[in-house]
Amino acid sequence: MSTHNTTNESGEMYSASETIIELRNTEVVFDMSRGVSRVLDNVDLDIRRGEILGVVGESGSGKSMLASAMLDAVVDPGILSGQITYYPDDGDPVNVLGLSDEELRRLRWEDISMVFQGAMSSFNPTMSVKGHFVETLEAHEYDREEGMERAHELLSDLYLDPERVLESYPHELSGGMRQRALIALSVVLEPDLLVMDEPTAALDLLMQRSILSLLEGLKEKYDLTMVFITHDLPLVAELANRMAVMYAFELVEKGSTDEILQNAAHPYTRALLNSTPNLDAPLSEMTSIEGSAPDPVNVPEGCSYHPRCPLADEQCVAEAPDFHDVSSSHQVECFHWEDAAEAIPFNIEQPSSPEEGEAR
Amino acid sequence: MNWYVKRTGQALFTLWAVASLAFFLTRQMPGDQVATYVDQVIQNNPEQDPEIVRSNIVEQLMIDPNAPFHEAYIAYFGELLSGNLGWSIEAQKNLNTLMAETVPWTLFVMALATFGLFGISLALGAIMAYKEGSLFDLSNTLLGMVTTSIPYYVAGILLIIYIGYPEGVFTQYFPVRYKLPDGVDPGFTLAFISGAIRHATLPALSYVITAYGLLALSMRGNSIQVLGEDYVRVAQLRGLPDRRIALRYVGRNAVLPLYTSLLLSIGFMLGASVILEQIFVYQGVGYWMDRAVQYTDIPLMMAIFLMITVSVVIATYIADLTYGYLDPRIKSGDEGEAY
Ligand SMILES: Nc1ncnc2c1ncn2[C@@H]1O[C@H](COP(=O)(O)OP(=O)(O)OP(=O)(O)O)[C@@H](O)[C@H]1O
Ligand code: SF4
Ligand SMILES: [Mg+2]
C-alpha cells in the first residue's frame, strides 16, 4: 500500500484522503535555566492511513516527544508549536493544536491513542484492570456493555484470558500480560491511529516477538494505523512498512523499510544499522557509533551530525542540509548522501526484506 | 486466611505481654503498698477499724503481695480472664464500673480528633500538592510547621483563654470543662448527643491543631510524588474527569503510606489524654490515670494500662485488616504490612 504510493512530505502529488495525520514544522521547546532546549526540531511527517510506521533513534533523540506531540500531550512546561492536522475517516480535517480542551479530550483515545513508554507503570496499582476499562468507557460516554464486550474480544485477540485479566490487579499480571492489557486498553475506544512508544522495551526477546505478531493481527482486524517507536532497529524492521530515523531531535531519513535496510542514505542510519546487535554477525564486525548524542540546548551548527560524521566537510559545518529525494518514497537530510554507501559499507549483508529478517 | 490467624495471634500475644508486664511491675513496687492504702483510708475516715480496712483491701487487691510468685501470677490472670479488673482505692469503686464510665468518653474524644485530623490533613495536603509552589501552598507549609511545634497542652490552654473566657458565642457552644452539660443524662437524645460533641470539641481540637501540620505535609509530599507517576498522566490522557483522578488516583495512592501515622497517632493521643483531660476537667481515662499516679492507686493504674493496650491492639488490628482493602498488593499475600 505504501510502497507504490508517491506522496511525499514536500507536498507533490499529495492526497489528503491517504494521510491520517500530518505534522509540519513541529517543534517542542523547553525554557530552561541553561537556555532554550529544542527537543523536537522542525519535524515534517505524513503518516498514511493503514500503514505501520517505525520511528527509530538513539536514546534522547526526541522520539517520545514526537509521540506526545501527535496527541498534543507534551509534558509541562514544554511548548509545542507547528501545524498538526488529523484527517478523520469521514469529516473535515482537524487542526489538533487549535482544539478546545473538551475537543482534545475526545480526540485522545477516541481517534488517536497511545501506549506509553514505561507501560509497566501505566496502571493504577490500587484499581483492577477492569476498573481501568470501565472508567475509560464512561469518561467517553461509550456504551458500557458493548465496550466491555470489545474489551473481552481484544484481550482474547491478544491471547489473554479476559476474565482473569480483568479481575486482576496490575501487580498480579506479568510484564508481558500487563503490556498486552495496556494495548487492549488503548484501542478499546476504537481509535484510528495508535502511537506506541517503546511498547516492548521491558520484555524478553520471545515476548517482543509475540507482541509484534499480535500487533499485526490487531492492525488488520481493527483497521489501525500504527506508529511504532523504538531504539531497536531490527525489531521495527520486521513490522513496519515505512521507517523514519531520528537524530538530534530531527528526522534525518524516511523511506520504505526495504529502501532503508538496503540502501540507507544517511551516514547516521548506516552507522545505526552497523551497530545494531545482529545474531548472525561475528562480534568483531559490530561497531558502535563514535561520539555522543548532542545536548538539546547546544545542538551543533550546520548538520547536527557533523561532529560524528566521517563524510563531514565545510559545507556540513556551515549549513544545515535539506531533504533530498533518493527515490519518490525515500528522503534523506544529507548533502553527501550519494557517497554514504561507499564511505560507510555495511559490515554484513542486510536482509533483503523484512520477512527474511525473521531469522535474526 | 493464614494471614488473619497470624494477625490475631500477634494481637493476643501483645495483650498477654502487657498484662504480664503490669503484673511484674506491681510486684516490684517498693514499700508496703497495703499499709499505705490503709493509712489513706483511715485518714479520710478516722472512725474505721484499721484491721477491717486492711483485710478489705487485701481482698480487693488482685495481687497478693505475700503469695509465691507463680501462685500470684496464676491468680491474677484468673481474675482478668473472668473479667474482673479489681477495685480502685482512689475512686472507691469497682474498676469494671469505672472503666465502663470512662473509656467510652476518652475513645469518643479520640475518634473525634482522629477523624478531624485525617479529614483536614488529607484534604489540605492534597490541595497543597495540586497547587505546589503557590502562595496557598507556601503559607500552609509555614503554618503547618509552626502549629506542629506548639505542644498540645499549650494549644489547650490557649483555646481556653481565647474561646473559653471571653463571654460570647463560642463559650456557649464549646464549653471548656466536663463531659456533659448540667442536667443532661446519657441516653439517645439530641441534648445528650449534641452536648457530648460540644464538650469534646475543644479537647479534640487542641490535639488536631497541633498535629495536622505534620500529617498534611506528609500527604502533600506523597501526593506530589503520585502526581508524577505515569499512571496519572495516562489517566489524564484517557480523558478521565479531574475529580476521579484526584480521588481515585492521587488521593488513594498517597494515603496508603500514612496508615503508619494513623497508628502512631492513636498511641500518642492516649498519652495526650492524660494532660488534656486535666486541662479540660474531662473525666475520662486520662483524668483517672493522673489521679492513679498521684495517689499510687496501683489497681487503677493497671486497669487503665490494660484498657489502653486493648484499645491500641484493637485499633491496630482494624487498621491492619482494612489496609488490605485499600491496597490490593497486601491482600494477596503477607509480603507487606501496614507498619
Ligand atoms: N520534561 C522535560 N524537560 C526538559 N527536557 C526534557 C524533558 N523531557 C525530556 N526532555 C529532553 O528531551 C529530549 C528528548 O527526549 P525524549 O524523551 O523524546 O527522548 P527519547 O528519544 O524518547 O529517548 P528514549 O529512547 O530514552 O526514550 C532529551 O534530550 C531530554 O533530555
Ligand atoms: S550533511 Fe554532512 S555531516 Fe551531515 S550527515 Fe551528511 S555528510 Fe554527514
Ligand atoms: Mg522515549
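Start with the two domains of chain A. Their centres, taken over C-alpha atoms, are 28 Å apart. Colour residues 5–240 as domain 1 and residues 264–343 as domain 2, following the domain assignment. Keep in mind that this is a predicted model.

**Stop 1: ligand 1**

Select ligand 1 and show its surroundings. The shell holds 16 residues. Label the closest ones: A:S59, A:G60, A:K63, A:S64 and A:Q117.

Which elements supply at least two residues each to this shell? Strand 1 (19–32) and helix 1 (63–70) of chain A do. Helix 1 gives the largest share, three residues.

Now colour the shell by residue type. Seven residues are nonpolar, six are polar and three are charged.

Zoom in on the oxygen atoms of the ligand. Three contacts are worth picking out:

- A:S59 places a polar side-chain atom 2.6 Å from an oxygen atom of ligand 1.
- A:G62 uses its backbone: a polar atom there is 3.0 Å from an oxygen atom of the ligand.
- A:E198 has a polar side-chain atom 3.4 Å from an oxygen atom of ligand 1.

How much of ligand 1 does the protein bury? Alone, the ligand exposes 640 Å², and the protein buries 70% of that.

**Stop 2: the loop after helix 1**

Stay with helix 1 and follow the chain onward. Select the loop between helix 1 and strand 4 (79–86) of chain A, where A:P77 is found. Show the backbone of A:D76 and A:P77. The peptide bond joining them is cis, with omega about -5°. Most peptide bonds are trans.

**Stop 3: helix 2**

Next, select helix 2 of chain A, residues 101–110, and pick out A:W109 within it. What is the phi of A:W109? The value is near 75°, which is positive, and the residue is not glycine. Most residues other than glycine have a negative phi.

**Stop 4: ligand 2**

Move on to ligand 2 and select its shell of 13 residues. Four cysteines and a phenylalanine are listed as the closest: A:C303, A:C309, A:C316, A:C334 and A:F335.

Colour this shell by residue type as well. Ten residues count as nonpolar and three as polar, with no charged residue. The shell of ligand 1, by contrast, includes three charged residues.

Finish by hiding ligand 2 and looking at the space it takes. That space is the second largest cavity.

Terms used. Residues numbered from 1 in each chain as written. Chains lettered and ligands numbered in written order. Predicted model: local features only at pLDDT ≥ 70, side-chain atom pairs only at ≥ 80, totals over all residues. Heavy atoms only, no water. Near = heavy atom within 4 Å. Polar contact = N/O pair within 3.5 Å; in protein donor to acceptor, adjacent residues only side chain to side chain. Areas by Shrake-Rupley, 256 points an atom, 1.4 Å probe, with all protein chains shown as cover. Helix = DSSP H or I, 4+ residues; strand = E, 2+ residues; numbered from the N terminus. Nonpolar A, V, L, I, M, F, W, Y, C, P; charged D, E, K, R; others polar. Domains from an automatic or database assignment. 1 Å grid on protein atoms, 1.4 Å probe; cavity = no way out; pocket = protein on both sides within 12 Å on 5 of 7 lines; lining within 4 Å. Sits in = over half its atoms within 2 Å of the grid points.
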